[in-house]
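I'm opening a fresh page for this one. These are my notes on what I looked up, in the order I got to it.

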Amino acid sequence: MITQLLDNFRVAYIGLISNKLRAALTMLGVTIGVAAVIILVSVGQAVETFVVDQFSSVGSNLLVVFGDVSSTGSRNPNNPGSAFIPLTESDVAALSDNFRVPSVRSVAPNVAVSSSVVYEGREVDAQIAGVTGAYFDVLNVDLVLGRSITIEDQNTTSKIAIIDERGAEMLFNNEYPIGKRIRIGDASFTIEGVLENFGGPGGNQGRAQIFVPLSAAQRYFGGARTLTGEYAITSVLMEAISKETTNSAIQEIAAVLREEHKLSDDEDNDFQVIAQTQILDSLSTITGLLTIFLAVIAGISLLVGGIGIMNIMLVTVTERTKEIGLRKAVGAQRIDILLQFLIESISLAVVGGTIGTILAMIFAFLITTLVDDLNVVIQFSSIAIATLICIAIGTFFGAYPANRAAGLNPIDALRYE
């Protein structure tokens, strides 16, 4: 049995190398398909890991609270219809009460500001936020130079600014940034600290990030006010005591804000509370679905490659009809002919898949080398699955030609011209 199988492998090998160019072109479709599937899946996994790591760096017990659209307009008597309900300073004070929200360790309100940033005639695109010193503690980011925003800065509306490393490089090139004066809108601020680059809430790849005291942002940049005269707050970052207390913290926050906003039991919340874990779960789901979608698209090329194998095998059976008849005439069984052509088709698929896997590894290395922070790794499971798929393609698309060859009548095959 083993001798017969080895003999079938030998005959199949001879058949393939007798038409090297045709075999190579047939394998090309499978090669491209396997390489595309592996590299797209691997890149998708790398992107998912990168995004999750960026958000995870700020901790798993982070909560973000911001205003929402109210269908009742209960806090806006001049507009009884739908209206956006921002958070206010009184909301921040209520959320900062440890007796009312015992599951929260830190509270960090912030206000987003739109303005240009200029230094000695050089203008850059920046994201500006008015924050308190607790903002950086909640996000778990550190200063690389200088100092942070203090309570005194907040109380005295100090015109100081903290800039991230990216922004410092964009504005000052290689100059020492501490003490430099920049213009934000119509106000002049002094750089007192440089913050490490970070992702997650407030992170914005490609733009400079500048932080000023919350009171300074409200005073110098015309912060929006509510009907009660209070300054509006863009969002409030809150840090639960631990990951285990996140759910209880959400419930406490909701209870406090509903009480502050005087919402009745039948009214929906006019605010939103989002946990970092919810964001991570959503991101993982989105990137996972995107990876699957890309893999399916790339898999279409595998299907095309399989059809190419079937086409070439049918041509091969026609060309070698007399050879099949001669083998049957000297004693070859139906199973021998069937295995011969199945081995040929599977060999085309597996060799093509192997080359595709090697190409995928090369592309993964190049992407990892050329793209910062993106580590593309070819998983062993991807290689194993690709190999099984190639064997399945070779078997499925080679079965019909092989069965057709095995079913030829030896007399008719010998007479075939």
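Which residue stands opposite Val113 in E7? I went looking, keeping in mind that this is a predicted model. The residue opposite Val113 turned out to be Ile128 in E7.

**Entry 1: around strand E7**

Next I checked what E7 pairs with. Strand E4, residues 104-113, is joined to E7 by four bridges, and the two run antiparallel. On E7 I also found a pairing with strand E12 (residues 208-213), this one parallel and made of six bridges. Ile128 turns up again here, since I see Ile210 in E12 standing opposite Ile128. As for cover, E7 spans residues 126-131, and I note five of its six residues as buried.

**Entry 2: E14, another partner of E4**

I then followed E4 to strand E14. E4 and E14 are antiparallel and share six bridges. I picked one pair to look at: Ser106 has Glu239 in E14 as its bridge partner. Is E14 mostly covered or mostly open? I'd call E14, residues 235-240, mostly covered, with six of its six residues buried. I also looked at which way the side chains go. Ser235, Leu237 and Glu239 point one way, while Val236, Met238 and Ala240 point the other, and I find all of them buried. So Glu239, the bridge partner of Ser106, is itself buried.

**Entry 3: Ala112**

I stopped at Ala112, which sits in strand E4. Why does Ala112 count as exposed? Its relative accessibility is 52%, and the cut-off for exposed is over 50%, so Ala112 counts as exposed. Leaving out neighbours within four places in sequence, I get Ile128 and Thr234 as the contacts of Ala112. I also looked up Val131: it lies 19 residues from Ala112 in sequence, and their C-alpha atoms are 9.0 Å apart.

**Entry 4: helix H6**

Which residues of H6 are buried? In this helix, residues 165-172, I list Arg166, Gly167, Ala168, Leu171 and Phe172 as buried. Then I asked what covers them. The cover includes strands E5 (117-119), E6 (122-124), E9 (160-164), E10 (181-184) and E11 (187-195), along with E12. Just past the end of H6, I noticed that Asn173 takes a positive phi of about 55 degrees.

**Entry 5: helices H9, H10 and H11**

I finished with the helices that meet H11. Helix H9 (residues 276-319) and helix H11 (residues 334-370) have axes that come within 11 Å and cross at roughly 145 degrees. I have the crossing of H9 and H11 down as right-handed. On the H9 side I found Ile309, Met313, Thr316 and Val317, meeting Phe341, Glu344, Ser345, Leu348 and Ala349 of H11. By class, the residues of this H9 and H11 contact come out as six nonpolar, two polar and one charged.

How far apart are the axes of H10 and H11? I read 10 Å, at an angle of about 140 degrees, with H10 covering residues 321-329. H10 and H11 are therefore oblique to each other. Their crossing is right-handed. In this contact, Glu323, Ile324, Arg327 and Lys328 of H10 meet Asp336, Ile337, Gln340 and Phe341 of H11. I sorted the H10 and H11 contact too: three nonpolar, one polar and four charged residues. Phe341 is on my list for H9 and on my list for H10.

Definitions and conventions. Residues are numbered from 1 along each chain as its sequence is written. This is a predicted model: local features need pLDDT of at least 70, side-chain atom pairs count only at pLDDT 80 or more; totals for chains, interfaces and linings use all residues. Side-chain values use heavy atoms; hydrogens and water are left out. Axes are lines fitted to C-alpha atoms, for helices over the stretch in contact, and angles run from 0 to 180 degrees between N-to-C directions. A crossing is left-handed if the near helix is turned anticlockwise from the far one by less than a right angle, and right-handed if clockwise. Contact means heavy atoms within 4.5 Å. Ala, Val, Leu, Ile, Met, Phe, Trp, Tyr, Cys and Pro count as nonpolar, Asp, Glu, Lys and Arg as charged, and the others, Gly among them, as polar. Angles under 35 degrees count as roughly parallel, over 145 as roughly antiparallel, 65 to 115 as roughly perpendicular and the rest as oblique. Buried means under 20% relative accessible area, exposed over 50%, partly exposed in between (1.4 Å probe, protein chains only). Two strands pair if DSSP finds at least two bridges between them.
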